[in-house]
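Reader: Hey, got a minute to go over the charged side chains in this one? Let me pull it up first.

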Amino acid sequence: AVSLASPLSVFASRPVERTPVAATAGSPSAALGLGLPKATLVKMRIKDYAGAERDLTALLARNPSNALLYQVRALTRRFQKNLLEADRDADKAIELNPRDGRSHGVKALIRLDGGDLRGAQSSAEQAIALNPRDADAHFTLSEALKAQGQDAAALEAMRLAAELEPAFQEH
């Protein structure tokens, strides 16, 4: 499945090879509701992130004010470990729609991947402030706190993530 609606979870030192639940476009019809072409979503599902990035870049050329497209391209770039460009896309999504917690959640993931633990924590907290029911943001916050040695706070963030999305109970 392809993560689109909220952040992906990662460990500070390496990306987690799992797709967050709340962010998943579980079926093509659900994903099409996000306004993305089916062909782009298929590329993401089969992990053709370079192909998906090309599609998203073409879509952005026609619609440069679409924050969701920047969010999704940031994720595809993150999957390709192109954190610099992913970060720029996350910043652009935030600039276009600062009240969309998903963009802040994506930024948190990118910061976590890059080892900026405090930045990841701050971005995850902003995502949660904008959408307290974002299980993925709680999970990302948990990972950032855990990496900083704040075990009690990390456990509480994980508890909230699991409460909001049962799939997180396995972590």
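Reader: So, K92: how accessible is that one?
Author: This is a predicted model, and in it K92 comes out partly exposed, at 26% relative accessibility.

Reader: Which side chain does K92 meet in a salt bridge?
Author: That would be E95, with 3.3 Å from N to O. E95 is exposed, its relative accessible area being 56%.

Reader: Where do E95 and K92 sit relative to each other?
Author: Both are in helix α5 (residues 83–96), three residues apart, so about one helical turn separates them.

Reader: OK, switching topic. How many salt bridges are there in the whole structure?
Author: A search turns up 15.

Reader: What about D55, what does that one pair with?
Author: K43 is the salt-bridge partner, and the closest N and O atoms are 3.0 Å apart. This pair links distant parts of the chain: D55 belongs to helix α3 (residues 49–62) and K43 to helix α2 (residues 38–45), twelve residues apart.

Reader: And D55, buried or exposed?
Author: Buried, because its relative accessible area of 19% falls under the 20% cut-off. K43 is partly exposed at 24%.

Reader: Fine. Now R159, which side chain does it meet?
Author: R159 meets E163 in a salt bridge of 2.8 Å, N to O. They are four residues apart in helix α9 (residues 151–164), which puts about one helical turn between them. R159 is partly exposed at 40%, while E163 is exposed at 55%.

Reader: Which residues do shared partners join into one network?
Author: E53, R73, R77, E85, R88 and D89 are joined that way, through salt bridges that share partners.

Technical notes: Residues numbered from 1 in each chain as written. Predicted model: local features only at pLDDT ≥ 70, side-chain atom pairs only at ≥ 80, totals over all residues. Heavy atoms only, no water. Salt bridge = Lys/Arg side-chain N within 4 Å of Asp/Glu carboxyl O. Helix = DSSP H or I, 4+ residues; strand = E, 2+ residues; numbered from the N terminus. Buried < 20%, exposed > 50% of the residue type's maximum accessible area, 1.4 Å probe, protein only.
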